[in-house]
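Student: I have a protein model on my screen, and I would like to learn how the words used for its parts are justified. Could we go through it together?

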Amino acid sequence: MSGDERAIPAAVRMQQLLSGFEVSQALYVVAELGVATALLGGPRSVEELAAETGADSDALGRIIRFLAPLGVFRATDDGVEVTDLGRTLAEGPDDSVRGLARYWMETHYAPFGDLLHTARTGETAATKFLGKPFFDWVKESSHLAEVQNSAMADGGRSARGDLLDHYRLPEGNTIADIGGADGTLLAELLVKRPDSKGIVFDLPKVSAEAHETLAAAGLSDRTTVIGGDFFDAVPTADVYVMSAVLHDWSDSEAARILRSIADAAAPGARLVLVEMVMPEGDGPHVTKMVDLIMLAMVGGRERTETEWRSLLEEGGFTLDRIVSGSTGVMSAIEATLS
Ligand SMILES: C[S@@+](CC[C@H](N)C(=O)[O-])C[C@H]1O[C@@H](n2cnc3c(N)ncnc32)[C@H](O)[C@@H]1O
């Protein structure tokens, strides 16, 4: 037991853990109102900040006071300044997770209130709360699709870390990113592959945003955006990329998605899953946090290397190798269609 743990009684530590709901919502306020963004230019008084972000200054001051001891803000002679930690809630910095804050609080927070239901029944909390599967709910709204895409772009970048800096995709003329959202990942991959063509495939409302991303990257002339359902059919390609998709689904559903690819591709086609690999054992690892989200929100799961291998086999693929970055939590899991 550390000195700190001895100093704080267990019941107080437990209260701190239980107050996680306050932390999540207070951080969301900072992200959504643009408080962290407003502080990028330097310290401000709470009154100035409130006026700039359309907030009540007493309420905002108390939210900032609550978050300061958690390392998000710091008091200065000129008012309040944002720390490196708090800056990640601002719009603009490379390591921003503002989109993730908005996504989790606007779409995950309320359904997580039904986690007890999941624990009792094994059923997905979000399906009970929303009255329909999570992605069916998201696909009905362009706003939610935008919030989800922005979170995936943020979260994906930080989770991948330097993985793609060192990684070379397998050879192939056409690269299809299945569940490719707004095309952020495909754009990053295609810039390094000037001779390849690319396809972004996702649900229609979600993939619609990819036109803009690909145009901004100067890739419109060698990319296609296709809206569809990967349980029905996917386009033909030489190399398939699927990033943070299969972890959203149960083993039987994930195997169906893999079989859709197997139906569209020729034997020998390559598949690269950009996913986390759950380590064996009880140590701390981000996959354990994400796994609970998968459990409660979509009925998916994080998988160990052994579980990835057998899922791929069930879908008709052979796992070739797993490449990990030095800083990110995601790996490239390469496989070949048998
Ligand atoms: C967790 S996000 C990952 C997005 C992106 N690949 C990334 O790494 O940032 C899962 C993606 O799967 C898409 N998706 C869900 N159900 C789908 C379906 N039935 N057909 C096609 N795409 C689907 C979602 O719209 C979403 O963009």
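Student: Which polar backbone atom is 2.9 Å from a nitrogen atom of the ligand, and what makes that pair a polar contact?

Tutor: Keeping in mind that this is a predicted model, the backbone atom belongs to F230, and it is 2.9 Å from a nitrogen atom of the ligand. A polar contact is a pair of N or O atoms within 3.5 Å, so a polar pair at 2.9 Å qualifies. By that cut-off, a polar side-chain atom of D229 at 2.9 Å from a nitrogen atom of the ligand also counts, as does a polar side-chain atom of D202 at 2.7 Å from a ligand oxygen atom.

Student: How much of the ligand's accessible area does the protein cover?

Tutor: On its own the ligand has 600 Å² of accessible area, and the protein covers 94% of this. The ligand is surrounded by 16 residues, with G179, D202, D229, F230 and S243 the closest, and the shell divides into 9 nonpolar, 4 polar and 3 charged residues.

Student: What makes strand 5 and strand 8 edges of the sheet?

Tutor: The open sheet has 7 strands in the order 5-4-3-6-7-9-8, with mixed pairing. Strand 5 (223-227) and strand 8 (317-324) each have a single partner strand, so one side of each is left without a neighbour in the sheet.

Student: How do you know that strand 4 and strand 5 pair?

Tutor: Pairing requires at least two bridges, and strand 4 (residues 197-202) has 5 bridges with strand 5, in the parallel sense, so the two strands pair. Within them, G198 stands opposite T223 of strand 5.

Note on methods: Residues are numbered from 1 along each chain as its sequence is written. This is a predicted model: local features need pLDDT of at least 70, side-chain atom pairs count only at pLDDT 80 or more; totals for chains, interfaces and linings use all residues. Side-chain values use heavy atoms; hydrogens and water are left out. Helices (H or I, at least four residues) and strands (E, at least two) are DSSP runs, numbered from the N terminus. A residue is near a molecule or strand if one of its heavy atoms lies within 4 Å of it. A polar contact is a pair of N or O atoms within 3.5 Å; within protein, one must be able to donate a hydrogen and the other to accept it, and residues adjacent in sequence count only if both atoms are side-chain atoms. Accessible areas come from the Shrake-Rupley method with a 1.4 Å probe; for residues, only the protein chains shown count as cover. Ala, Val, Leu, Ile, Met, Phe, Trp, Tyr, Cys and Pro count as nonpolar, Asp, Glu, Lys and Arg as charged, and the others, Gly among them, as polar.
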